[in-house]
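I set aside this session for looking things up in one model and writing down what I found. The entries follow in the order in which I made them.

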There are 2 protein chains.
Amino acid sequence: MDKQLATTLFESLASGIRLDIFRLLVKHAPTGLVAGEISTALALPATNVSFHLRAMTYSGLINVTQEGRYQRYRANLTVMQSLIDYMTSECCTGRPEHCFDTEIAAVCCDDNKFLSSDLEA
Amino acid sequence: MDKQLATTLFESLASGIRLDIFRLLVKHAPTGLVAGEISTALALPATNVSFHLRAMTYSGLINVTQEGRYQRYRANLTVMQSLIDYMTSECCTGRPEHCFDTEIAAVCCDDNKFLSSDLEA
DNA sequence: TGAACTATACAACAATTATTGAAATATAAA
DNA sequence: TTTATATTTCAATAATTGTTGTATAGTTCA
């Protein structure tokens, strides 16, 4: 998980509509839903939902497979888990005891200096 | 953690600059950094950093305290942990076995139906 | 008090993202 | 093959977000 992917995924979760779509797909995992079902469930125009589905698919947060004339969308729970792992490691960097049980988080890191590597991507 | 707060926090993490700021503050927890140190570290104009710090402070992702003529910013690791918890519960809803060890996640939920509550905020 | 310093507010503008209806593409079914 | 269905693409526009320089407000210290 690099910074670029992380920001793209956060962007995918940073709108009420996209978060609704994702939660809906999680609830319907692993079957997923086709585009029209999502539009209907959220009472939104198909074009608008399609716009958001495209962004979420591009980021990898959801997957799509063609099923005849339908497009079936599924939550990518593996990517979500990777993002949670990324956030956890970012959160614990520096002072793990502020986030978690110390013995669990202690593996993360131990320095708190101001490094030029602060600036890396 | 409600949906509105979650989307605001994701928005706070959904830019490279804001993610840099957050990671920098996490690395310097619990001391934090003053605004000028952040601008210098990231080589960005003070006004631009101030713009992003304001958004992050508003969402609660970071905290600010006045220190003489300085404004000291700190990562709010408690909020970050709450967001991770929210993501974890959203991710596991439906089919916990897809995210985690089943025995850990099994508490989350057990239905996979299409409910009108899908539409709630 | 007055000069230097820190940071934000403001204003102007650039760039990106969101929304909608109409048209196009592709599949399925009659 | 014609018609209906599902979804996306496109174009137009609206709305929001991001960036920068300048001005302002507040703090420190001589």
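**Entry: surroundings of DNA strand D**

I looked up which residues come nearest to DNA strand D in this predicted model. There are 20 residues around the strand, and G36(A), T47(A), R69(A), Y73(A) and H52(B) come nearest.

I then asked which elements supply that surface. From chain A, α3 (35–42), α4 (46–59) and β3 (70–75) each give at least two residues, as do α2 (16–27) and α4 (46–59) of chain B. The most comes from α4(B), which gives 4 residues.

By residue class, I noted 8 nonpolar, 9 polar and 3 charged residues on the surface near DNA strand D.

**Entry: which part of DNA strand D faces the protein**

I checked the strand's own atoms next. Of those within 4 Å of the protein, 69% are sugar or phosphate atoms, and the rest belong to bases.

I wrote down three polar contacts of DNA strand D. In one of them, an N or O atom in the side chain of Y73(A) is 2.3 Å from a phosphate oxygen. Y73(A) is also among the residues that come nearest to the strand. In another, a side-chain N or O atom of R18(B) is 2.9 Å from a phosphate oxygen of the strand. For R69(B) I noted a backbone N or O atom instead, at 3.3 Å from a sugar or linking oxygen of DNA strand D.

**Entry: the sheet of chain B**

I turned to the strands of chain B and asked in what order they stand in the sheet. The sheet is open, has 3 strands in the order β1-β3-β2, and pairs antiparallel. β1 and β2 of chain B each have a single partner strand and stand at the edges, so one side of each has no neighbour in the sheet.

I went through the pairings in turn. Strand β1 (residues 33–34) and strand β3 (residues 70–75) of chain B are joined by 2 bridges. In this pairing V34(B) has R72(B) as its bridge partner.

Between β2 (residues 62–67) and β3(B) I found 6 bridges, again antiparallel. Q66(B) is partnered with Q71(B), and E67(B) stands opposite Y70(B).

The link between β2(B) and β3(B) is a hairpin with 2 residues between the strands. In that turn, G68(B) has a positive phi of about 65°.

**Entry: helices across the sheet**

I asked which strands of chain B are crossed by α2(B). α2(B) lies across β1, β2 and β3, and its angle to β3(B) is about 85°. α4(B) lies across β2 and β3 of chain B, at about 115° to β2(B). Both helices also appear in my list of elements that supply the surface near DNA strand D.

**Entry: S82(A)**

Last, I looked up a single residue of chain A. S82(A) sits in helix α5 (residues 77–92). Its relative accessibility is 30%, so I entered S82(A) as partly exposed. A14(A) is 68 residues away along the chain, and the C-alpha atoms of the two are 17 Å apart.

Conventions: Residues numbered from 1 in each chain as written. Chains lettered and ligands numbered in written order. Predicted model: local features only at pLDDT ≥ 70, side-chain atom pairs only at ≥ 80, totals over all residues. Heavy atoms only, no water. Near = heavy atom within 4 Å. Polar contact = N/O pair within 3.5 Å; in protein donor to acceptor, adjacent residues only side chain to side chain. Nonpolar A, V, L, I, M, F, W, Y, C, P; charged D, E, K, R; others polar. Pairing = 2+ DSSP bridges. Contact = heavy atoms within 4.5 Å. Axes fitted to C-alpha atoms, helices over the stretch in contact; angles between N-to-C directions. Buried < 20%, exposed > 50% of the residue type's maximum accessible area, 1.4 Å probe, protein only.
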